[in-house]
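Me: I'm a first-year student and I'd like some help looking closely at one part of a protein model. Could you walk me through it?

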Amino acid sequence: MSDPHAPAHPQAGAVHRNYTGAVYGSLLAASVVVGAGSLGRFPRLELIILLLGTGVVFWAAHVYARVFGARTVFRAMSMADIRRACSEERPIVEAAVLPAVAVAVGPLLGLGAQGTAWLALAVAVASQVGWAATAAVRIGASLRMVAVTSVINLLLGLVIVALKAVLHH
């Protein structure tokens, strides 16, 4: 069974990375920031825990779906397969780290709760666009397709930004 997350034309010797999970995790982190920030003031530690905890829960759900999916096609899963699934889905959790760091450093930059939420949201959206562009480059996409991929992901991120702007006011 081939890996649906594997690039179509991986570069020789390149380390496999689940860019899909990183893009998805970044969009998830942006959504968490908007959801938490739209409810008014929030403790920074709470948002950090919410970002990282949500990333871990979605990571576990993706691992479970892969393991269960393999079982539904009568493919036995070894512990090595399960560890591989855990590792390959890890970028979902990793994508929450930079926005969580942004929340942690917000006070050092003199930002209040809403400024910190906007910083974390900007970091999540920038990460999403960066991971999408990196994935496109990694599979050998043309410069035009890298740009299209980046713009599409930026637009998805801006939808989340627009939701934050609307929900905050």
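Me: Is Arg-66 buried, exposed or partly exposed, and what is its relative accessible area? Please take a close look at this residue and then show me what surrounds it in the description.

Reply: Happy to help! Please keep in mind that this is a predicted model. Arg-66 is partly exposed, because its relative accessible area is 24%, and buried would mean under 20%.

Let's begin with the partner of Arg-66. Glu-89 forms a salt bridge with Arg-66, and their closest N and O atoms are 3.2 Å apart. Arg-66 belongs to helix α2 while Glu-89 sits in helix α3 (residues 79-89), so this pair ties together parts that are 23 residues apart in sequence. Why can such a pairing happen? Side chains of opposite charge can pair when their charged atoms come close. The two partners do not share a label for exposure: Glu-89 is buried, with a relative accessible area of 1%, whereas Arg-66 is partly exposed at 24%.

Salt bridges turn up elsewhere too, and the count for the model comes to 4. One of them is in helix α3, where the side chains of Asp-81 and Arg-84 meet with 2.8 Å from N to O. Both of these residues lie in helix α3, 3 residues apart, which is about one turn of the helix. Here again the labels are worth reading: Asp-81 counts as buried at 12% relative accessibility, and Arg-84 is partly exposed at 39%.

Another salt bridge brings together the side chains of Glu-94 and Arg-90, at 2.5 Å from N to O. Glu-94 is partly exposed, with a relative accessible area of 30%, and Arg-90 counts as partly exposed at 39%. Back at our starting residue, salt bridges that share partners join Arg-66, Glu-88 and Glu-89 into one network. When you rotate the structure, try to find these three residues together.

Now let's follow helix α2, which covers residues 44-72, and look at some other side chains there. A search of the whole structure finds 3 aromatic pairs. One of them is formed by Tyr-24 and Phe-58, and this pair is tilted, with 6.2 Å from centre to centre and 50° between the planes. Tyr-24 is in helix α1 (residues 19-37) and Phe-58 is in helix α2, so to speak of distance along the chain, the pair links parts 34 residues apart. Tyr-24 is partly exposed at 33% relative accessible area, and Phe-58 counts as partly exposed at 30%.

The rings of Tyr-64 and Phe-68 give another pair: their centres are 5.7 Å apart and their planes are at 15°, so the pair is stacked. The cut-off behind that word is that planes under 30 degrees apart count as stacked. Tyr-64 and Phe-68 both lie in helix α2, 4 residues apart, or about one turn of the helix. Tyr-64 is exposed, with a relative accessible area of 55%, while Phe-68 counts as partly exposed at 46%.

Val-56 is also found in helix α2. Val-56 is partly exposed, with a relative accessible area of 41%. The C-alpha atoms of Val-56 and Gly-25 are separated by 10.0 Å, although the two residues are 31 apart along the chain.

Finally, let's step back to the whole protein. The protein has 7 helices and 0 strands, and its elements run α-α-α-α-α-α-α from the N terminus on. Of its 169 residues, 36% count as buried, and Glu-89 is one that carries this label. Among contacts between residues at least 6 apart in sequence, 74% join residues at least 24 apart. The protein exposes about 9,300 Å², with carbon and sulfur atoms supplying 73% of it.

For a last stop, try helix α6 (residues 113-138): at 1.5 Å a residue, its 26 residues should span 38 Å, and its end C-alpha atoms are 37 Å apart, which agrees. After α6 comes Gly-140, whose phi is positive, near 85°.

Notes. Residues numbered from 1 in each chain as written. Predicted model: local features only at pLDDT ≥ 70, side-chain atom pairs only at ≥ 80, totals over all residues. Heavy atoms only, no water. Helix = DSSP H or I, 4+ residues; strand = E, 2+ residues; numbered from the N terminus. Buried < 20%, exposed > 50% of the residue type's maximum accessible area, 1.4 Å probe, protein only. Contact = heavy atoms within 4.5 Å. Areas by Shrake-Rupley, 256 points an atom, 1.4 Å probe, with all protein chains shown as cover. Expected span 1.5 Å × (residues − 1). Phe/Tyr/Trp six-rings, centres within 6.5 Å; stacked < 30°, edge-to-face > 60°.
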